[in-house]
Amino acid sequence: MARTAAFHSIKQHVYHDNTKCTEGNNIEKENLRSGTGGKTKCAHCSKLD
Ligand SMILES: [Zn+2]
């Protein structure tokens, strides 16, 4: 398991909650925000669950 607190990028329409998600890891620091941002969950993170 590599679940973490929800985070998202202001440039993406989804949020992430898995430290192994490559999309989540590629978010640049300046675009990174904590929480879901009211977005839907990233498909990749859902698969990793
Ligand atoms: Zn993700």
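The zinc ion in this predicted model is coordinated by four atoms: ND1 of His16 and the SG atoms of Cys21, Cys42 and Cys45, at 1.9 to 2.4 Å. A donor here is an N, O or S atom within 2.8 Å of the metal (3.2 Å for Na, K and Ca), and water is not among the atoms, so sites may look incomplete.

What is the arrangement of the four donor atoms around the zinc ion? The angles they subtend run from 103 to 116°, which makes the arrangement tetrahedral. Four donors count as tetrahedral if all angles lie between 85 and 135 degrees.

Along the sequence, the donor residues follow the spacing H-x4-C-x20-C-x2-C. Histidine 16 belongs to strand 2 (residues 14-18) and cysteine 45 to helix 2 (residues 43-48), so this pair ties together parts that are 29 residues apart in sequence. Helices (H or I, at least four residues) and strands (E, at least two) are DSSP runs, numbered from the N terminus.

Are these donor residues buried or exposed? Histidine 16 counts as buried, because its relative accessibility is 0%. Cysteine 21, at 0%, counts as buried, cysteine 45 is buried at 0%, and cysteine 42 is buried with a relative accessible area of 2%. The term buried means under 20% relative accessible area, exposed means over 50%, and partly exposed lies in between (1.4 Å probe, protein chains only).

With cysteines in view, one may ask how many disulfides a search of the whole structure finds. The search finds zero. A disulfide is counted when a pair of cysteine sulfur atoms lies within 2.5 Å.

I turn now to leucine 48. This residue is found in helix 2, and at 34% relative accessibility leucine 48 counts as partly exposed. Not counting residues up to four places away in sequence, leucine 48 touches Asn18, Lys20 and the zinc donor Cys21; contact means heavy atoms within 4.5 Å. Leucine 48 and arginine 3 are 45 residues apart in sequence, and their C-alpha atoms are 8.9 Å apart in space.

The last residue is threonine 36. Threonine 36 sits in the loop between strand 3 (32-34) and strand 4 (40-41), and is partly exposed at 31%. Leaving aside neighbours within four places in sequence, its contacts are Ala6, His8 and Tyr15.

A note on method closes the talk. Residues are numbered from 1 along each chain as its sequence is written, and side-chain values use heavy atoms, with hydrogens and water left out. In this predicted model, local features need pLDDT of at least 70 and side-chain atom pairs count only at pLDDT 80 or more, while totals for chains, interfaces and linings use all residues.

Technical notes
Four donors count as tetrahedral if all angles lie between 85 and 135 degrees; four count as square planar and six as octahedral if opposite donors are over 155 degrees apart and all others between 65 and 115; anything else is irregular.
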